[in-house]
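Here is a short report on one protein model and its ligands. Please look over the sequence and structure first.

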Amino acid sequence: MATWGYGNDNGPATWVKSFPVAAGTRQSPIDIVPTAAKCDTKLTENPLTVNYSPEPAMELCNPGLSVKANIKSKSVIKGGPLEGEYKLEQFHLHWGSADKQGSEHTLNGKMFPAELHLVHYNATKYSSFGEAVDKPDGLAVFGIFLKISDKPHQGLKSLTDVLSEVQYKDKSINIKQEYNPVCLLPDNINKYWTYLGSLTTPPLCESVTWIVFEEPIEVSEDQMKAFRALCCGECGSAPIVDNYRPPLPLGNRQLRASFQ
Ligand SMILES: Cc1ccnc(S(N)(=O)=O)n1
Ligand SMILES: [Zn+2]
């Protein structure tokens, strides 16, 4: 069984062969067109609330197609479009081989250099991520755009400074200093778009309430270079770059905005 990836022979256009849901009606990512979004005051009546905790020894790993941090502490979100409490499971990123591409969601057709995903599962209804992953209300993922600035992102710096230690597939380390993922969020989390979608990589389950923040976080070019130096396999293997799925049609879905 050929494993899926982002190359010509195993990339997003081929995934439907092994994962038919790729042709489904609530797939992600999408192109976000702010003028097509419906401002919904219900989203602000019950504001999105983030209660993240410090992670004592956060595990950072290279699963081969991204870089991922696994979360053990009780970090939860609720409110906004969500019913119940969703618990942070992991976060990871998607990025380009150059600054002109890399994000999965696009904004009026524009790609950002990268996109950070914080993946949560509905801990009110389900007992684990594994149980929640294929349920229509199982997951909630924060999508945060990354843009280039001349200053490094301090929160990401604890990670980008040690990426060389997880350069190769299946390498993992523990971040020594305690790490609170709240440092990864943009300053203003009250302005976001939300819609019902899916995982953007196989198994592509249509189980995600997406929350994409309007405000990007700012990273340096050196930090982008650190992501692009990660390898898909062992020493000498190809760099992990362009690990993004292009946007899918919104179809009959409603894109809602928490702001005018
Ligand atoms: C945990 C997980 C699996 C697959 N895809 C995603 S993603 N890229 O939609 O956040 N997350
Ligand atoms: Zn992702």
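## A buried serine, a metal site and a ligand

S103 counts as buried, because its relative accessibility is 1% and buried means under 20% relative accessible area. The model is a predicted one. S103 sits in the loop between β7 and β8, the latter covering residues 106–107. Its side chain reaches the backbone oxygen of H105 at 2.8 Å.

Next, the metal site. Which residues coordinate the zinc ion (ligand 2)? They are H92 through NE2, H94 through NE2 and H117 through ND1, at 2.0 Å. The site has 4 donor atoms, with angles of 98 to 115° among them. The site is tetrahedral, because four donors count as such if all angles lie between 85 and 135 degrees. For reference, the ideal angle for four tetrahedral donors is 109.5 degrees.

The donor residues follow the spacing H-x1-H-x22-H in sequence. Distant parts of the chain are linked here: H92 lies in strand β7 (residues 86–95) and H117 in strand β9 (residues 114–122), 25 residues apart.

Are these two histidines, H92 and H117, buried or exposed? H92 has a relative accessible area of 13%, so H92 is buried. H117 has a relative accessible area of 1%, so H117 is buried too.

Now to ligand 1. The residues that surround ligand 1 are Q90, H92, H94, H117, V119, F129, V141, L199, T200, T201 and W210. The zinc-coordinating residues H92, H94 and H117 are thus also listed around ligand 1. Three side chains have an N or O atom paired with a nitrogen atom of ligand 1, as tabulated here.

| Side chain (N or O atom) | Ligand 1 atom | Distance |
|---|---|---|
| H92 | nitrogen | 3.3 Å |
| H94 | nitrogen | 3.3 Å |
| T201 | nitrogen | 3.1 Å |

How much of ligand 1 does the protein bury? Taken alone, ligand 1 exposes 310 Å², and the protein buries 89% of that.

Finally, the annotation. An unreviewed UniProt entry lists residues 2–259 as "domain: Alpha-carbonic anhydrase". In the model, the end C-alpha atoms of residues 2–259 lie 44 Å apart. This span is 10% helix and 26% strand.

To recap, H92 is a donor to the zinc ion (ligand 2), and its side chain has an N or O atom 3.3 Å from a nitrogen atom of ligand 1. H94 is likewise a zinc donor, with an N or O atom of its side chain 3.3 Å from a nitrogen atom of ligand 1.

Key: Residues are numbered from 1 along each chain as its sequence is written. Chains are lettered from A and ligands numbered from 1 in the order in which they are written. This is a predicted model: local features need pLDDT of at least 70, side-chain atom pairs count only at pLDDT 80 or more; totals for chains, interfaces and linings use all residues. Side-chain values use heavy atoms; hydrogens and water are left out. Donors are N, O and S atoms within 2.8 Å of the metal (3.2 Å for Na, K and Ca); water is not among the atoms, so sites may look incomplete. Four donors count as tetrahedral if all angles lie between 85 and 135 degrees; four count as square planar and six as octahedral if opposite donors are over 155 degrees apart and all others between 65 and 115; anything else is irregular. Helices (H or I, at least four residues) and strands (E, at least two) are DSSP runs, numbered from the N terminus. Buried means under 20% relative accessible area, exposed over 50%, partly exposed in between (1.4 Å probe, protein chains only). A residue is near a molecule or strand if one of its heavy atoms lies within 4 Å of it. A polar contact is a pair of N or O atoms within 3.5 Å; within protein, one must be able to donate a hydrogen and the other to accept it, and residues adjacent in sequence count only if both atoms are side-chain atoms. Accessible areas come from the Shrake-Rupley method with a 1.4 Å probe; for residues, only the protein chains shown count as cover. UniProt positions are given in the numbering used here, feature names are shortened, and annotations may be inferred rather than shown by experiment.
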